[in-house]
Amino acid sequence: MGASRIPPGSHPLPGIGGIGLDYLAEAHTLVPMKTEMLLPSYIRLLTPGELRRRAEEARELLSPCRVCPHECAIDRFTKTGFCKTPATPLISSFTPHFGEEPVISGTRGSGTVFLGGCNLRCVFCQNHQISQPGTNPLPNLAPTADCLSEIFLKLQARGCHNINWVSPSHQIPQLLEALSIAVEKGLRLPIVYNSNAYDSLEMLRLLENIVDIYLPDLKYADEETAFRCSGIRAYPERARAAIREMFRQLGSAWDVDDEGCLRRGLLIRMLVLPNRLADIEAGVEWIASELSREITVSLMAQYHPDHLAASPEAYPLLSRTLSPGEWARALESLEKYLQNPGNFVQDYLMAPAYYRPDFSKTEKPFAEIEDFQHQPLDIGPRSTDD
Ligand code: SF4
C-alpha cells in the first residue's frame, strides 16, 4: 500500500506500528459548507405533516408485508416472515461508531443503531449474532417507537455526526415512526441508510428527502453466487434497481460540512470476496455505465471467514481472507472504471482483524484501535495464491 491520502477535513484512524488503518483516498474537490446551513432534508417535511404521513404510509406496508423485496405478504402484527422481525422495532445496540469511512465517522463517531434481524442470509455475515436469529445466541432489544426516538436523541446529545441505521431494509416503518417522534423532539442529524441494497423501491421512494445519506452495499453481480452466499438469486437485479433509485434521489454530488463529514450523498460499498465471488469488475463497470463515473465507492478488504463460511468443508471458496492478488485485481478494476479521486479503499493488511464486531459487547461491539495494541492480530487464514 502506498501512503495514506485522506480527503481534507476527514479524520483517519491512527495506525498500529506504522501501518495505517485509514481508508485511503485522494482529495474530494468539495467546498465544505457551514454545518448549521446543512439541516437534514426531513426538516422540510416536518411542518406540513409529511413526515408523519410517510411514516403512516410505510406502516400500512407491514400487513400484508411488502416492506422489502421478499414480499412475504404476512401480517407483521401477528406473524414474522423471512426476516423473523415483528412490527415493533428490534435493535441490538446503539453507539458512536468510529469504524465507518472517515466522512461518516468524523471525529465524534457515527450514531450507529444496529438493527436486529435481516432480510438476507449471508453465510459469511459478520453481524450474524444479531442478524440471523436461527444461530443467534444474543437477545435483541425491543424498544417502543418512543424509546427508539430517545436513542436517536441520545446519540445526538453525545455529539455524533449522523444517525446511522445499520441493516434497516426490513424495519423501515418502525424507523420512520421513531424518526417522526424524534424530529418533533429536536433531532437535527442526517440519516445514514446503511443497507445491503436488497430494498423495496416503494419503500425507498417513501424515504426521498428523509434519508440524506445512502450507504448501500453492492455485493454480487451474479445470481448463482448471490444464491449460494446470501440465499437470494434475485439480489443483483434488485440491488441494482435500489441503487439506481438512490442515485435518482441524490445523484453523485456530495454536500460536506465544515468538519469534512458527509451531509448528503451516495456512497456505494463493495466488499471484495475471495475467489472473485463479488465480481468487483462487473459491479464497477455497471456503476460507470449505468449510473455515473462520478459515483463514490468504498472498496473493502475486511472480508474474514465468519459464521458458516468459517467451515472449509461447507464453503471452500469462502473459508479464507483475500490473497494479495485478489485485492490487487479489485483495485485495478476500480481504477479502470471509476477514477473518482474521492473513492475510499481499506487497508488490506489490517482490515480483516479490525472490522470484526462482537455483539455480546453491547456497549462496544467494535474494538477501538487501542484494543489492538497489546494483543496479536487475528488476521485469519490467507491464501498465498495471487
Ligand atoms: S420485511 Fe420481513 S416479513 Fe416483510 S417482506 Fe421483507 S422479509 Fe418478509
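Tyrosine 337 lies in helix α10. The model is a predicted one. In it, tyrosine 337 has 20 C-beta neighbours inside 10 Å and therefore counts as buried. The threshold for a buried residue is 20 or more. Beyond the neighbours within four places in sequence, tyrosine 337 is in contact with Val284, Glu285 and Ala288. Glutamate 281 is 56 residues away from tyrosine 337 in sequence. The C-alpha atoms of this pair are 8.2 Å apart in space.

Helix α10 spans residues 324-337. Together with strands β8 and β9, helix α10 makes a right-handed β-α-β unit. A further unit of this kind, also right-handed, is made by β7, helix α9 and β8. Helix α9 covers residues 280-291. Strand β8 thus takes part in the unit with α9 and in the unit with α10.

The pairing of β8 was examined next. Strand β7, residues 262-271, runs parallel to β8, and five bridges join the two. Across this pairing, methionine 270 stands opposite leucine 299 of β8. Strand β9, residues 344-345, also pairs with β8 in the parallel sense, over two bridges. Here serine 298 has phenylalanine 344 in β9 as its bridge partner.

Strand β8 itself consists of residues 296-300. Five of its five residues are buried, so the strand is largely enclosed by the rest of the structure. In a regular strand, side chains alternate between the two faces of the sheet. Both faces of β8 are covered. Thr296, Ser298 and Met300 are buried on one side. Val297 and Leu299 are buried on the other.

In soluble globular proteins, nonpolar side chains tend to be buried together. The largest nonpolar core of this model has 103 residues. Met270 and Val272 have the most contacts inside this core. Helix α5, residues 172-185, gives the most to the core, with eight residues. Met270 is also the residue opposite leucine 299 in the β7-β8 pairing. Valine 272 touches Leu299 as well, along with Met300. Its other contacts, not counting residues up to four places away in sequence, are Ala278, Ile280, Ala301, Tyr303, Leu322, Glu326, Trp327 and Ala330.

Phenylalanine 227 sits in helix α7, residues 223-230. It has 14 C-beta neighbours inside 10 Å and so counts as partly exposed. With neighbours within four places in sequence left aside, phenylalanine 227 is in contact with Ile232 and Arg233. Arginine 121 lies 106 residues from phenylalanine 227 along the chain. The C-alpha atoms of these two residues are separated by 9.5 Å.

The ligand is surrounded by 15 residues. The closest are Cys65, Cys68, Cys72, Gly81 and Cys83. By class, the shell around the ligand divides into seven nonpolar, five polar and three charged residues.

For the protein chain as a whole, there are 11 helices and nine strands. The chain has 386 residues, and buried residues make up 51% of them. Contacts between residues at least 6 apart in sequence were also classed by separation. Of these contacts, 72% join residues at least 24 apart.

How values were computed: Residues numbered from 1 in each chain as written. Predicted model: local features only at pLDDT ≥ 70, side-chain atom pairs only at ≥ 80, totals over all residues. Buried ≥ 20, exposed ≤ 12 C-beta atoms within 10 Å, placed from the backbone. Helix = DSSP H or I, 4+ residues; strand = E, 2+ residues; numbered from the N terminus. Pairing = 2+ DSSP bridges. Right-handed = clockwise from strand over helix to strand, strands pointing away. Near = placed C-beta within 6 Å. Nonpolar A, V, L, I, M, F, W, Y, C, P; charged D, E, K, R; others polar. Contact = placed C-beta atoms within 7 Å. Core = buried A, V, L, I, M, F, W, Y, C linked by C-beta atoms within 7 Å.
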